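Hi,

Here is the structure I promised to pass on. Have a look at it first, and then read on for my notes.

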Amino acid sequence: MVYAPEIVVWETTYKCNAKCIHCGSDCASVEKPKELTTAQCLDIIQDLEYLGAKFVILSGGDPLLRKDLGALAAALNRANIDVGIITNALAVNEDSIKVIKAMNTKGLGMSLDGAEPYMHDYIRGHKGTFDAVMNAIRLCRENGIEPSIVTTIHKLNFAHLPKMRDLLMKLGVKYWQIQYADFIGRMPREAMLTEGQFFELSKFILDLQANYKKYFRVVTGADVMGYMSDYSRRLQGPWIGCHAGMKALGLGSDGSVRGCLSLQRDEYIEGYITPERSLRDIWNDKNAFAYNRQFDISMLTGYCKECKYAYICKGGCIRSATSECDKRCNPYCLYKIEKDGFTSEEQARIEFSKEEIAALYNPIHELPQEFWDDTFCSNILEV
């Protein structure tokens, strides 16, 4: 079988101007010691064209901190590969929006994780990020760019979903991707959604799709919402297993190659792009991406292994299935919930008290003292 990396997520830089609590890559304010040069990136783009890539999402870190981003996008355009960008919006301004427009992007995704500044800024670890997103949406409108909003949900902001819906309708945003945070990178286990909240999140997305069509053109739960359930078929269409290493590819800023950028464990690195070993060499290696290309049901554990859909579903999203432990069994499965209910009384919980939510803040991540004023603390208790 011939595989083609049709969809590529490329961490163009590890450098980031925020410090998000759910960052899977655990990005920092500085570049990695050996980030790819412009020349190396251009060679990679040639390989992507040769391998049949159709869409490349330039990610990070924050890709707008990479000075040659426009040149990379131009090279992708020449290779007839569509380009998307995902940014936290802190670097979107009057100058950079012109560069973004010249990139001929098919999608400009911006992260918004709260309906109010205190929540979004806290999650992003940088005061002023909420205002930066609002300003970026305005600049997009003025420059004929259709922005997309990407929201990552966990216990802290779960209750903000209706408020975010109303805010985005007011702003005229037409594209909204809602995804859940897994226990990878900086994301703390205690802030992960319960199964009950995940189930409610799925129903919330279905409600948006059914009843808010005049406001939103597309509302999606990314591509990993529920797998083989009745709900998931309506949420995302048929699920035929993880595409990592099959139709999907993740590229690290240091030249690391993964089947999916979300597979952050070192064991999922298939190799590093070097003068001696190109991207096409790694992609075409018959032993690469064995977890999908050589899938066997014995790789699954728990209820995933016993499920009648095991050979089709393959345990759902591998990132989720392995986020809590080395076992490949998915904690967020709508089919399991529909069939057997929740795994415990705690996992069935949907609402948490203001005090329980507030208690999550302190241990989750360190922030400058300026966050901890009376106004901020009172807002936490008004969630």
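Let me start with one pair of side chains: glutamate 356 and arginine 349 form a salt bridge, with 2.8 Å between N and O. Glutamate 356 is partly exposed, as its relative accessibility is 33%, and arginine 349 is also partly exposed, at 25%. Please keep in mind while you browse that this is a predicted model.

That pair has company, since a search through the whole structure turns up 17 salt bridges. As a general point, side chains carrying opposite charges can pair when their charged atoms come close. Here are some others to click on.

Glutamate 195 pairs with lysine 336, and their closest N and O atoms are 3.3 Å apart. Glutamate 195 belongs to helix α7 (residues 195-211) and lysine 336 to helix α14 (residues 334-340), so this salt bridge ties together parts that lie 141 residues apart in sequence. Both glutamate 195 and lysine 336 are buried.

Glutamate 267 and arginine 265 make another salt bridge, at 4.0 Å from N to O. Are these two buried or exposed? Glutamate 267 counts as exposed because its relative accessibility of 55% is over the 50% cut-off. Arginine 265, at 27%, counts as partly exposed.

There is also a network to find: salt bridges link Glu94, Arg138 and Glu142.

Next, the helices. Two packed helices are described by the angle between their axes and the distance between those axes. For helix α4 (residues 117-124) and helix α15 (residues 354-364), the angle is about 35° and the axes are 11 Å apart. The crossing of α4 and α15 is left-handed. Which residues meet there? From α4 come Tyr118, Met119 and Tyr122, and from α15 come Tyr361, Asn362 and Ile364. Sorted by class, the contact has five nonpolar residues, one polar and no charged ones.

Last, take a look at leucine 300, in the loop between α10 (290-293) and α11 (302-306). With a relative accessible area of 1%, leucine 300 is under the 20% cut-off and therefore counts as buried. Leaving aside residues up to four places away in sequence, leucine 300 touches Phe295, Lys305, Ala310, Lys314, Gly315 and Arg328. One of those partners, alanine 310, is 10 residues from leucine 300 in sequence, and the C-alpha atoms of the two are 8.1 Å apart.

Over to you, and happy browsing!

Cheers

How values were computed. Residues numbered from 1 in each chain as written. Predicted model: local features only at pLDDT ≥ 70, side-chain atom pairs only at ≥ 80, totals over all residues. Heavy atoms only, no water. Helix = DSSP H or I, 4+ residues; strand = E, 2+ residues; numbered from the N terminus. Buried < 20%, exposed > 50% of the residue type's maximum accessible area, 1.4 Å probe, protein only. Contact = heavy atoms within 4.5 Å. Axes fitted to C-alpha atoms, helices over the stretch in contact; angles between N-to-C directions. Left-handed = near helix turned anticlockwise from the far one by under 90°. Nonpolar A, V, L, I, M, F, W, Y, C, P; charged D, E, K, R; others polar.
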